[in-house]
Amino acid sequence: MVVWTDQERAYIQDIFSKLNYEEAGPKALQRTLIVYPWTQRYFTSFGNLYNAEAIMSNSKVAAHGVVVLHGLDRAMKNMDDIKKTYAELSVLHSEKLHVDPDNFRLLADCLTIVIAATMGTSFTADVQAAWQKFLAVVVSALCRQYH
Amino acid sequence: MSLSAKDKLAVKTIFDKVAHKAEDIGSEALARTLFVYPQTKTYFSHWADLSPGSPQVKKHGLTIMKGVLSAVELIDDLKGGLLTLSELHAFMLRVDPANFKIINHNLLVVLSMMFPDDFTPEVHVSVDKFLAQVSLALSEKYR
C-alpha cells in the first residue's frame, strides 16, 4: 500500500489545480511522440505524424492528450487506491491496446518536463520528488494487469 | 540513434545560450538527482552536506556542467574526446552507468524549468540523444 504524507498530497493536488488540462495533456503527448518516435506505433489511426510540426498541429493527438490527463486526474482523486481505480485501464492497455509498459514511463517523463516548464522555479526538488512518486504509482497500477 | 547534423546544431545552439548559467543548471540538476533519487547519495558519503544549496553540491554541479559543455565542443568525436573522463568514471569513481540516465533526466527537467521557450520538443529530442551519446562515451572504458 502506498503511503502519502500530507505534504505529498498537497503538492500533487496543487500541481493539478494549476494545470490547464487542455494545454498540458496535448503538450505531453506531442513531446512523447516527437522525442520517442517509436511511440507513434500506437497511433497509426491518427493521420499525419511525419514531423514535429505535423504532430503539434494534429487535432487527434491534442484530443488524446486531454483524455490522458483526465485519466491522471482520476488517479489524483483516488490517491489511496490508484491500483483499484486503474484496474480496467490496465486491462485496456494490455489486452486491447497492447502497449509496451515502458512507454508509460516515457510519457511520464515528458509530462514531468512539461510541468517543469509551466511551473518554473516553483517546481522545487521536493515537489518533483512527490510528483515522480505519484507518476511511478500510476505507472505501476497501469502495469498491474499485464500478464 | 546517432546525432544528425540537425541534432548537433540544436545541441550547440541551446548550450551556447545557457552556458552562462552553467553553475545554476549543474547544481540544480545534481541537487535533484540526490534528492529525488536518494540512492545516488551513496556516491557522496564523503561530503558533509548533501542538501541542495550546499557549497559542495554547487561546486560539483558546475564541474558536471563544464563536462557537458566540453562534450558539446567534442560532439564530433565523443568517444575519443571523453576518453580520460571515461577512465575516471570507470576506474576511479565506478559510478554505475544506470545513474547517467538519472542525471540526464534531471538536466532535461532543469533546462525545461529555466528555459521553457527554448526547450522545444525538437530541441528536447536532440539534447536527449546527445546526453545518451555522452553517457555511452563515459561508459566506454567500463569493461
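I began with the contact between the two chains of this predicted model, and I found that 23 residues of chain A touch 19 residues of chain B.

I next looked up the area buried between chain A and chain B, which comes to about 1,800 Å², with 65% of it given by carbon and sulfur atoms. Of the area that chain A buries against chain B, Arg31(A), Ile113(A) and Gln128(A) supply 30%, and no other three residues supply more.

I then searched the interface of chain A and chain B for salt bridges and noted that the rule finds zero, whereas it finds nine residue pairs in polar contact, with both residues at pLDDT 80 or more.

I asked myself which helices of chain A each supply at least two residues of the side that touches chain B. They are helix H2 (21-35), helix H3 (52-56), helix H7 (102-119) and helix H8 (125-143), and the largest share, six residues, comes from H7(A). Sorting that side of chain A by class, I noted 13 nonpolar, six polar and four charged residues.

I turned last to the nonpolar cores, and I recorded that the largest has 69 residues, with Trp131(A), Phe134(A), Phe15(B) and Phe130(B) making the most contacts inside it. The largest share of this core, ten residues, comes from H8(A). I followed Phe134(A) further and, leaving aside its neighbours within four places in sequence, found it in contact with residues including Trp4(A), Phe16(A), Leu72(A) and Met79(A). Apart from the largest core I also noted another, of 14 residues, among them Ile34(A), Tyr36(A), Phe46(A) and Leu106(A).

Methods
Residues numbered from 1 in each chain as written. Chains lettered and ligands numbered in written order. Predicted model: local features only at pLDDT ≥ 70, side-chain atom pairs only at ≥ 80, totals over all residues. Heavy atoms only, no water. Contact = heavy atoms within 4.5 Å. Buried area = accessible area lost by both parts, 1.4 Å probe. Salt bridge = Lys/Arg side-chain N within 4 Å of Asp/Glu carboxyl O. Polar contact = N/O pair within 3.5 Å; in protein donor to acceptor, adjacent residues only side chain to side chain. Helix = DSSP H or I, 4+ residues; strand = E, 2+ residues; numbered from the N terminus. Nonpolar A, V, L, I, M, F, W, Y, C, P; charged D, E, K, R; others polar. Core = buried A, V, L, I, M, F, W, Y, C linked by side-chain atoms within 4.5 Å. Buried < 20%, exposed > 50% of the residue type's maximum accessible area, 1.4 Å probe, protein only.
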